[in-house]
Amino acid sequence: MDTPTRRTALQHAAAATATVAGSSSSRRKKEVTTFVFVSGSNGAASTDPELTLRGHRTVGVTLPGHGPDQQFHVAYQAPQDLGTLATLPSPVAGVTLDDQVEATVNVVRRVAAYGPVVLVGGSLGGATITKAADEVPDLIDRLVYSSAFCCTDLPTPEHYVNTPEGRESLTPALLGGIVADPGVIRAIRINWRTGDRAFLDAAKAAFMADATDGEFLAMLNTLLPDESLLVPGGDARGGKERWGRVPRVYIRHTKDRTIPLALQDRMIREADAATPGNRFEVFSVDATHAPTAKAYRQITDILHRLAK
């Protein structure tokens, strides 16, 4: 039978063990990485369920005016009312890059309390994550550009699109899908749900040429019709002392016809020249601008390894 002295000793030992276990548990919780995803043009907030299954947190940023409840209307359903679509006010009218940065920073501030933050931007989302890093560099453990704009020598994504490397992009063909006067609704509205074969062929070539028709149409139906006129022209350069000190990764999409590989490589070179002490860690995936599920698994694997 235990004596009172022995019971006291056992209690102290148990308490010490609980303290160590609790401290260890606390450390483990703090080490869980949160991936914050910022979408590109016409994208709604999204996450990566596979990363969650692998033990990480994932959060998608809802950019101003980009909530599906704000953009979808019965006129966009079939049969479509193109006359109404041409005049509906746009929820992204007047939305600026600064507005998108503010929304992103708010999410980063919230999740940073729970552990390391990896901020991931795709396509136009690269402009947003650069400026977010300028705002809160100490809250971001890593920036990831997944075939995304990283503006350094030139100020805006629009400038990069108009470079020799950018002119190889197939996106100008998408202008045939515009269903409203941008001057009237103060936004770019594209009818992704059209049945026009020429437009669909052009969109598939630009976004997802290696996909099946089913995969491509499923992706297309996740896109929001409206995008801001102002964000692509916003100054998206980061400062060397703030953005420039955050570790960063570039995931090259080698089959991208929206942001051509030559343009991706130009942006990598320019950023590395601006901050030679903090160069991109570069990965390449055999993917189009919008990856198929098979190609995206390569990106998930890269992100998972970054969190370790």
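This report walks through the fold, helices, cysteines and a few unusual backbone spots of one predicted model.

## Ground rules

The model is predicted, so local features need pLDDT of at least 70 and side-chain atom pairs count only at pLDDT 80 or more, while totals for chains, interfaces and linings use all residues. Residues are numbered from 1 along each chain as its sequence is written, and side-chain values use heavy atoms, with hydrogens and water left out.

## The overall picture

The chain comes to 12 helices and 8 strands. Those are DSSP runs numbered from the N terminus: helices are H or I with at least four residues, strands are E with at least two. Of the 308 residues, 48% count as buried. Here buried means under 20% relative accessible area, exposed means over 50%, and partly exposed is in between, using a 1.4 Å probe and protein chains only.

Contacts are heavy atoms within 4.5 Å. Take the contacts between residues at least 6 apart in sequence, and 74% of them join residues at least 24 apart.

## Two helices of 14 residues

Let's start with helix H12, residues 293-306. At 1.5 Å a residue, its 14 residues should span 20 Å, and the end C-alpha atoms are indeed 20 Å apart. (The expected span is 1.5 Å times one less than the number of residues.) Its buried residues are Ala295, Ile299, Thr300, Ile302, Leu303, His304 and Leu306. What covers them includes strand S1 (34-38), helix H2 (49-53), strand S3 (117-123), strand S4 (142-148), strand S7 (248-253) and strand S8 (281-285).

Helix H11 covers residues 261-274, and here too the 20 Å between end C-alpha atoms agrees with the span expected for 14 residues. Its buried residues are Leu263, Gln264, Arg266, Met267, Ile268, Glu270, Ala271, Asp272 and Ala274. They pack against S4, helix H7 (157-161), S7 and S8. As background, an α-helix has 3.6 residues a turn, so residues three or four places apart point the same way.

## Where H9 meets H10

Helix H9 (residues 197-207) and helix H10 (residues 213-220) have axes that come within 11 Å and cross at roughly 90 degrees. The axes are lines fitted to C-alpha atoms, for helices over the stretch in contact, and angles run from 0 to 180 degrees between N-to-C directions. That crossing makes H9 roughly perpendicular to H10; the label applies from 65 to 115 degrees, with under 35 counting as roughly parallel, over 145 as roughly antiparallel and the rest as oblique.

On the H9 side, the contact is made by Leu200, Ala203, Lys204 and Phe207, and on the H10 side by Asp213, Phe216, Leu217, Met219 and Leu220. These residues divide into 7 nonpolar, no polar and 2 charged. For that split, Ala, Val, Leu, Ile, Met, Phe, Trp, Tyr, Cys and Pro count as nonpolar, Asp, Glu, Lys and Arg as charged, and the others, Gly among them, as polar.

## Cysteines

How many disulfides does a search of the whole structure find? It finds 0, with a disulfide being a pair of cysteine sulfur atoms within 2.5 Å. For Cys150, the nearest cysteine sulfur is that of Cys151, 7.1 Å away. Turn it around and Cys151 has the sulfur of Cys150 as its nearest, at 7.1 Å.

Buried or exposed? Cys150 is buried, with a relative accessible area of 0%, and Cys151 counts as buried at 2%.

## Backbone oddities

A cis peptide bond joins Ala78 and Pro79, with omega about -5 degrees. Pro79 lies in the loop between helix H3 (68-71) and helix H4 (82-85).

Asn42 isn't a glycine, yet has a positive phi of about 65 degrees. Asn42 sits in the loop between S1 and H2 and is buried, at 8% relative accessible area. Ser147, in strand S4, is another residue other than glycine with a positive phi, near 45 degrees. Ser147 counts as buried at 0%.

## Far in sequence, together in space

Val32 is in the loop between helix H1 (4-30) and S1. Val32 and Pro116 are 84 residues apart in sequence, but 6.8 Å apart C-alpha to C-alpha. Leaving out residues up to four places away in sequence, Val32 touches Gly55, His56, Arg57, Tyr114, Gly115 and Pro116.

Leu82, in helix H4, and Val179 are 97 residues apart in sequence and 7.1 Å apart in space, C-alpha to C-alpha. Leu82 is partly exposed, with a relative accessible area of 46%.
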